[in-house]
Amino acid sequence: MKVEHIRNEMRDNPYQPTALLLSALDETAWLFNLRGNDIPYNPFFYSYTLLTMDKIWLFLHTDRVSEELKVYLNASCEGPLCVQLKGYDAVLDNLKTYVAQPGVKVWIGTEYTNYALYELITPQDKLMTSSYSPVLTTKAVKDETEQRILRDAHVRDAVAVIQLLMWLEKAVPEGKETELTASEYVNKCRGKQKDSRGPSFETISASGPNAALAHYSPTNETSRRLTVEEMYLVDSGGQYLDGTTDITRTVHWGTPTAMQKEAFTRVLMGNIEISRTIFPSGTRGVNMEMLGRRALWEVGLNYGHGTGHGVGNYFGVHEWPVGFQGNNIPFRAGMFTSIEPGYYKENDFGIRIEDIAVIVPIQTKYGQNFLTFNTVSLVPYDRKLIDTSLLSSEQLQWLNKYYETIRKLVGPELDKQGLHEEKDWMLRNTEPFMTSGSSASVCSSSLTLIALAVALLHNMI
């Protein structure tokens, strides 16, 4: 089905390419439903693919291909759905031979084709380019099954992160834990989850000034002891057979400063503003990226990294071409992206709040074909760092609804795994916030009435 879909993309292209060259490792892995372990944290294998209307050439280390895999790939036949297995190093000669034929035109995605292959495709009329191959743009939109299982992976992943945060809350005051031990602990928790295949990248476990370095990872030389006096940022993810995860939470186990609390809340406001945005299908992420920064900009704060990236189904944790940068493709329903604003005060602390969200259709009062984000990361934010007075009523409503979702989806999984203490922790940390017009207003009105009654009683006395 995937091969036929990509061939139809080639047929429909007005420049009429006769072949498609795939160089990015996830392109070939997706096309053939294969995974490997050549690249740390990524389930890829060294490969190239040359696809024509009637041939499929797969270049890889053939000594690794089992008999079972040869049968799966139809490697013993010559038809249009039979995969011809070639040595990984044979791609240059085979591409040169193909290009030498008359009337051929090779389609490449320039973002992921290396120059050694690119320069073989001459003269120029035998070359057709686009920024991204049709495999990458097709893979970016997950079908219903891919969406469902990627959501499932995030439920189990939330269990592991909740285990980490609960453990740290108890262990850090004892003064024995470090950035490294925290990193090791979350990897251990993920390793116990169903279908786990290890971390999706090297965990960013950072406290105090180390957290001000946006992509710092601890070593034996740099690892700091965790204390209740400093903020702590953990950016981690897992590889599972059904999905890839990536989530960042920032916490404080003591008393945050007013500035830390405000900065955290404004980062959260940016995350929520993007997450609850409704937009027409085909909107580019770069055109809404400033929503993640606006609350920070209002007080002269900012961050120096991207606001989001795509993520795959047991693929790379940074899956192009989805995201909020200028070279990302327009958003469509079924895409998954991270939403991750932050703030970093040099030599002091760092804040990042990162969630993965899937883009889904939404009904609007008048318009058709509108979309929004549905957050699939399911771990609560640190309550003591949230200044609810800064949040709008719409942001508070979004936050309470998100916490309802965590309870609904993660609660049964914690029960299933017999993690009763973790469930209690989750329930405490997902209690709804009071919103204006509800319990907060009632409490305020009650206090006013009590004050009036006391004053009247005093006057009577």
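## A first stop at N33

N33 is partly exposed, with a relative accessible area of 47%. In the terms used here, buried stands for under 20% relative accessible area, exposed for over 50%, and partly exposed for what lies in between, with a 1.4 Å probe and protein chains only. The model you are looking at is predicted: local features need pLDDT of at least 70, side-chain atom pairs count only at pLDDT 80 or more, and totals for chains, interfaces and linings use all residues. Residues are numbered from 1 along each chain as its sequence is written, and side-chain values use heavy atoms, with hydrogens and water left out.

N33 sits in the loop between α2 and β2 (48-52). Helices (H or I, at least four residues) and strands (E, at least two) are DSSP runs, numbered from the N terminus. The phi of N33 is near 55°, a positive value in a residue other than glycine. N74 also has a positive phi, about 55°, and is not a glycine either. You will find N74 in the loop between α3 (67-72) and β4 (83-87), and at 37% relative accessibility this residue is partly exposed.

## Two cis peptide bonds

Most residues other than glycine have a negative phi, and most peptide bonds are trans. Here, T122 and P123 are joined by a cis peptide bond with omega of about -5°. P123 belongs to the loop between α5 (115-118) and β6 (127-130). Another cis bond runs from W320 to P321, with omega near 10°; P321 is part of strand β15 (residues 319-323).

## Pockets

Which residues come closest to the centre of the largest pocket? A pocket is found on a 1 Å grid over the protein atoms alone, as an open set of points with protein on both sides within 12 Å along at least five of seven lines; a lining residue has an atom within 4 Å of a point. Points are joined across faces, edges and corners, and a volume is the space filled by probe spheres set on them. The largest pocket has a volume of about 470 Å³. Of its 23 lining residues, K2, W30, N33, D143 and E146 are the closest to the centre, so our first stop, N33, turns up again. Helices α1 (2-12), α2 (25-32), α6 (134-139) and α7 (144-171) each supply at least two lining residues, and α7 gives the most, with 3. The lining has 9 nonpolar, 6 polar and 8 charged residues, where Ala, Val, Leu, Ile, Met, Phe, Trp, Tyr, Cys and Pro count as nonpolar, Asp, Glu, Lys and Arg as charged, and the others, Gly among them, as polar.

The second largest pocket has a volume of about 370 Å³. Its lining holds 14 residues, and S275, F373, N374, W398 and K401 are the closest to its centre. Two or more lining residues come from each of β20 (370-375) and α11 (393-416); α11 gives the most, with 6.

## Cavities

A cavity is a set of grid points where a 1.4 Å probe fits but cannot get out. By this rule there are 3 cavities of 30 Å³ or more, and the largest has a volume of about 50 Å³. Its lining residues include H154, D157, T245 and S377, and α7 gives the largest share, 4 residues.

## Nonpolar cores

In soluble globular proteins, nonpolar side chains tend to be buried together. A nonpolar core here is a set of buried Ala, Val, Leu, Ile, Met, Phe, Trp, Tyr and Cys residues joined through side-chain atoms within 4.5 Å. The largest core has 60 residues, of which L168, Y232, Y381, I386, L399 and V410 touch the most other members. Helix α7 gives the most to this core, with 11 residues. Leaving aside neighbours within four places in sequence, V410 is in contact (heavy atoms within 4.5 Å) with V155, A158, V159, I162, L378 and T405. A second, separate core of 24 residues includes A29, W30, L31 and V65.

## What the UniProt record adds

UniProt, in an unreviewed entry, lists "domain: Peptidase M24" at residues 149-359 and "domain: Peptidase M24 C-terminal" at residues 369-433. These positions are in the numbering used here, feature names are shortened, and annotations may be inferred rather than shown by experiment. Residues 149-359 are 27% helix and 24% strand, with end C-alpha atoms 15 Å apart. For residues 369-433 the figures are 52% helix and 9% strand, with end C-alpha atoms 32 Å apart.

T430 lies in the loop between α12 (420-429) and α13 (439-460). At 2% relative accessibility, T430 is buried, and not counting residues up to four places away in sequence, T430 touches P380, R383, Y403, I406 and R407.
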